[in-house]
Amino acid sequence: MLPNSLHSLDVAHHIHPVTNMRRHERQGPIVIDRGAGIYVYDDEGREYIEAMAGLWSVGVGFGEPRLVAAATRQMEKLPYYHVFSQKAHAPSALLASKLAELAPTGLTRVFFTNSGGEANDTVIKFVWYYNNALGRPEKKKFISREGAYHGITIAAASLTGLTGNQKGFDLPLPFARHVSRPHYYRNALPGESEAAFVERLGQELEDMILAEGPETVAAFIGEPLMGAGGVIVPPEGYWQKVQEICRKYDVLVIADEVINGFGRLGTMFGSEALGIAPDILVCSKQITSSYQPLAAILMKDSIYQPIADYSEKLGVFGHGYTTGAHPVATAVALENLAIIEERGLVARAAAMGDYMRAGLARFSDHPLVGEVRGMGLIAAVELVADKETKARFDPVGKVGLRLFDRAHDHGLIIRAIGDSIAFCPPMIITEAEIDEMLRRFKLTLDDVTNWVEAGMPDA
């Protein structure tokens with residue numbers, strides 16, 4: 001690295017999230033300079049297919065001029081204002097109304113934050129406040145799932161069920177509990193049918209609620225389709241069983257749609273695709289295609305009303321963010337949602353998702369591929385050491401990291417979740433671009449196969 005280059009300045013001063021810091025110091029960053037459509041380009045001009053849409057999030061692709069124009073217009077008119085103490089501005093009011101229109105039935109009240117993790121942290125506070133308002137001070141525990149990702153703040157990371165986001169941080173906090181992830185391929189017992197697997201997971205949830213005491217369990221939170229936990233598609237009937245048990249014990253159902261929302265599963269919200277009727281829904285990422293930081297919490301009026309009454313009793317709902325409901329972010333979101341609707345990107349994601357998953361399914365016979373899974377325009381290919389026994393590589397993640405690194409050499413950005421390789425391209429992707437993405441993936445997989453057959457040597 002040259003002195004005072006972007007690479008050297010970054011290594012010298014920038015602490016990166018979700019990164020092995022020493023590895024970053026040794027290798028340095030790939031500096032992304034610009035984006036166009038499904039492609040991004042580094043500062044040396046190399047092209048990459050962004051097969052993860054950034055972080056599961058750039059739905060309309062990079063370089064969309066309408067979003068740039070929407071941000072510019074709002075910057076010129078009102079670049080910033082808050083919504084504390086009964087203040088409002090047009091973009092946030094219009095977006096709240098639009099979200100209530102698009103959302104699953106009954107979700108009519110909207111609160112804005114800056115990120116999905118911030119939103120889930122806020123959901124915890126809303127639910128605690130709600131139960132205090134109802135005179136149920138003990139009803140505060142949340143049940144999440146192993147492998148879940150709900151954010152990285154102290155409270156949200158407690159809901160997260162990934163040990164890599166908790167080790168070293170003294171997490172999770174005691175209010176959070178975790179049940180099994182609904183991954184039939186990995187978690188089913190020998191000979192267990194999907195229906196029996198669903199029943200067993202339902203019983204596990206009910207047993208946990210009863211063991212903790214229903215009077216202490218406030219909510220169950222889950223991604224309709226799990227993203228960062230490995231792109232886990234729940235078996236048929238799973239969400240129906242979860243909701244049945246939650247309703248039985250007066251446990252709120254919270255859908256974390258930060259990845260699933262705004263078309264990713266081929267429906268506007270993942271809850272529609274999987275038959276979920278949430279009490280609270282959290283969305284972010286594709287709400288602005290991540291051109292601006294924004295997230296939203298949608299809730300039923302039956303939850304809002306006790307909270308509103310309690311705020312009057314206490315004198316204030318003492319929670320909010322300086323840049324929550326930011327006028328530029330909400331203006332960009334309105335334009336982004338308009339593009340999604342006008343261009344039919346929800347239906348397009350369904351169609352391109354079918355095409356992508358059919359293409360990935362052709363790798364099922366590959367000796368390193370254990371499972372190809374997905375739904376809508378999101379998928380994963382799980383790599384295994386032995387197809388018959390489903391044995392994992394030792395250590396888990398070494399092969400995935402190798403594939404992640406080598407993919408860059410073939411102009412492809414994917415995500416390795418352990419040894420599961422995730423795909424989540426922008427919703428504007430075409431069949432021809434999917435074909436090219438799969439061609440680059442095959443080249444990468446061939447390289448990694450040769451490396452595995454050579455004994456997985458270091459360096």
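This is a stop-by-stop tour of a predicted model, with a selection to make at each stop.

**Stop 1: V18**

Begin at the N-terminal end and select residues 6-13 and 21-27, which are helices α1 and α2. V18 sits in the loop that joins them. Colour V18 and check its backbone: phi is near 45°, a positive value, and the residue is not a glycine. Most residues other than glycine have a negative phi. V18 counts as exposed because its relative accessibility is 73%. Now add G164 to the selection and draw a C-alpha to C-alpha distance from V18. The two lie 146 residues apart in sequence, while the distance in space is 8.9 Å.

**Stop 2: Q86**

Move on to helices α4 (65-77) and α5 (90-102), and select Q86 in the loop between them. Q86 is not a glycine either, yet its phi is positive, at about 70°. Is Q86 buried or exposed? Its relative accessible area is 83%, so Q86 is exposed.

**Stop 3: the cis bond before P172**

Select L171 and P172. The peptide bond from L171 to P172 is cis, and its omega is near 5°. Most peptide bonds are trans. To place P172, show helix α7 (154-159) and strand β6 (176-179); P172 belongs to the loop between these two elements.

**Stop 4: helices α9 and α10**

Hide the rest and show residues 194-212 (α9) together with residues 238-248 (α10). The two helices pack with their axes 9 Å apart, at an angle of about 25°. Angles under 35 degrees count as roughly parallel, and α9 is therefore roughly parallel to α10. The crossing of α9 past α10 is right-handed. For the contact, turn on side chains in two steps:

- In α9, select V198, E199, L201, G202, L205, E206 and I209.
- In α10, select Y238, K241, V242, I245, C246 and K248, which the α9 residues meet.

Sorted by class, this contact of α9 with α10 holds 8 nonpolar, 1 polar and 4 charged residues.

**Stop 5: C283 and C424**

Select C283 and C424 and show their sulfur atoms. How many disulfides are there? The count is 0. A disulfide would need two cysteine sulfur atoms within 2.5 Å. The cysteine sulfur closest to that of C283 belongs to C424, and at 16 Å it is too far for a bond. Starting from C424 gives the matching result: its closest cysteine sulfur is in C283, 16 Å away and too far for a bond. C283 counts as buried because its relative accessibility is 0%. C424 is likewise buried, with a relative accessible area of 0%.

**Stop 6: T323**

Show helices α12 (301-314) and α13 (327-342), then select T323 in the loop between them. At 34% relative accessibility, T323 is classed as partly exposed. Which residues does T323 contact, leaving aside its neighbours within four places in sequence? They are Y80 and N114. Then draw a distance from the C-alpha atom of T323 to that of Q305. These two residues are 18 apart along the chain, and their C-alpha atoms are separated by 25 Å.

**Stop 7: the cis bond before P395**

Select D394 and P395. Here is another cis peptide bond: the one from D394 to P395 has omega near 0°. P395 is in the loop between strand β12 (379-383) and helix α15.

**Stop 8: helices α15 and α16**

Follow the chain into α15 (residues 398-409), and add α16 (residues 431-453). Their axes are 9 Å apart and the packing angle is about 135°. α15 and α16 are therefore oblique to each other. As it passes α16, helix α15 makes a right-handed crossing. Show the side chains on both sides:

- From α15, take K398, V399, R402, L403, R406 and A407.
- From α16, take F441, T444, L445, D447, V448, W451 and V452, which the α15 residues meet.

This contact of α15 with α16 divides by class into 8 nonpolar, 1 polar and 4 charged residues. The tour stops here.

Methods:
Residues numbered from 1 in each chain as written. Predicted model: local features only at pLDDT ≥ 70, side-chain atom pairs only at ≥ 80, totals over all residues. Heavy atoms only, no water. Axes fitted to C-alpha atoms, helices over the stretch in contact; angles between N-to-C directions. Helix = DSSP H or I, 4+ residues; strand = E, 2+ residues; numbered from the N terminus. Parallel < 35°, antiparallel > 145°, perpendicular 65-115°, else oblique. Left-handed = near helix turned anticlockwise from the far one by under 90°. Contact = heavy atoms within 4.5 Å. Nonpolar A, V, L, I, M, F, W, Y, C, P; charged D, E, K, R; others polar. Buried < 20%, exposed > 50% of the residue type's maximum accessible area, 1.4 Å probe, protein only.
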